[in-house]
Amino acid sequence: MTAKETEKKDEDFAKQELQEPQEGKGQAKGEKDEERMDIDPEEDALNARQTLFDMALGLIVCAAVIAVVGSIFAGQAYCWVLGVLLGVAVAGLMLRHLYVSLDRALDMDGEHASKYMKKSAVLRILMAGAGLFIAALFPKIFHIFGVLFGLLCLKFTAYLQPLTHKVTKILSKGR
């Protein structure tokens, strides 16, 4: 085969891929795209609120663990605990802001949503910076590493959210 023939076959294959969705690639036989896009808004909102609850619960548990473990090793335990509490309070505000931002962005078109989410991310970074700045201003009250670990609780809870969700499902069934 010549290079032109190979290129022509590749172009034809690419056109066919774009025009005809193939079965077996995430689609069952006879299933249409419209059927897959049928999402119940109430169920979707309920799932989002459940995820927010799971994350908030994980944030509290993670903060408690970090506060207890850190207070054992920190020189002034009360400064450590207050620092963790400040960091977790800011992380909770950041979590709520992320939830609201995503909810609003999903109602926008792609270009506006992208710009809005970038602005929202910058605002959350500024929130974290403000928490650390407050800790730096008042070092006798807030331990700066406690604030940092409190802020990082948000990252830990994001990774642990599937586990937290399973635990909350088990606990809610027991009632």
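**Exercise 1. Which residues in helix 3 meet which residues in helix 4?** Then work out how the two helices are oriented.

*Solution.* A quick word before we start: this is a predicted model.

Step 1. Look for the contacts. On the helix 3 side, the list includes Ala-48, Arg-49, Leu-52, Met-55, Ala-56, Leu-59, Ala-63, Ile-66, Ala-67, Gly-70 and Ser-71. They meet Ala-77, Trp-80, Val-81, Val-84, Val-88, Ala-91, Gly-92, Leu-95, Arg-96 and Tyr-99 in helix 4.

Step 2. Now take the axes. Those of helix 3 (residues 41-73) and helix 4 come within 9 Å and cross at roughly 165°. Angles over 145 degrees count as roughly antiparallel, so helix 3 is roughly antiparallel to helix 4.

Step 3. Add the handedness: helix 3 passes helix 4 in a right-handed crossing.

**Exercise 2. Repeat this for helix 3 and helix 6: at what angle do their axes cross?**

*Solution.* Step 1. The axes of helix 3 and helix 6 cross at roughly 120° and come within 7 Å. That makes the two helices oblique to each other.

Step 2. The crossing of helix 3 and helix 6 is right-handed.

Step 3. Check who meets whom. Helix 3 brings residues including Gln-50, Phe-53, Asp-54, Met-55 and Cys-62. Helix 6 answers with, among them, Phe-149, Cys-153, Phe-156, Gln-161 and His-165.

**Exercise 3. How many aromatic pairs does a search of the whole structure find?** Describe what turns up.

*Solution.* Step 1. The search finds one aromatic pair. Its rings belong to Trp-80 and Phe-149, with centres 5.9 Å apart and planes at 45°, so the pair is tilted.

Step 2. Place the partners. Trp-80 sits in helix 4 and Phe-149 in helix 6, so the pair ties together parts that are 69 residues apart in sequence.

Step 3. See how covered each one is. Trp-80 has 8% relative accessibility and counts as buried. Phe-149, at a relative accessible area of 34%, is partly exposed.

**Exercise 4. What span should the 28 residues of helix 5 have, and how far apart are its end C-alpha atoms?** Then find the buried residues of helix 5 and what covers them.

*Solution.* Step 1. At 1.5 Å a residue, helix 5 (residues 110-137) should span 40 Å. Its end C-alpha atoms are 40 Å apart, which agrees.

Step 2. Pick out the buried residues of helix 5: Ala-113, Tyr-116, Met-117, Ser-120, Arg-124, Ala-128, Gly-131 and Ala-135.

Step 3. Finally, the cover. It includes helix 4 (77-105) and helix 6 (144-173).

Methods. Residues are numbered from 1 along each chain as its sequence is written. This is a predicted model: local features need pLDDT of at least 70, side-chain atom pairs count only at pLDDT 80 or more; totals for chains, interfaces and linings use all residues. Side-chain values use heavy atoms; hydrogens and water are left out. Helices (H or I, at least four residues) and strands (E, at least two) are DSSP runs, numbered from the N terminus. The expected span of a helix is 1.5 Å times one less than its number of residues. Buried means under 20% relative accessible area, exposed over 50%, partly exposed in between (1.4 Å probe, protein chains only). Contact means heavy atoms within 4.5 Å. Rings of Phe, Tyr and Trp (its six-membered ring) pair if their centres lie within 6.5 Å; planes under 30 degrees apart count as stacked, over 60 as edge-to-face and the rest as tilted. Axes are lines fitted to C-alpha atoms, for helices over the stretch in contact, and angles run from 0 to 180 degrees between N-to-C directions. Angles under 35 degrees count as roughly parallel, over 145 as roughly antiparallel, 65 to 115 as roughly perpendicular and the rest as oblique. A crossing is left-handed if the near helix is turned anticlockwise from the far one by less than a right angle, and right-handed if clockwise.
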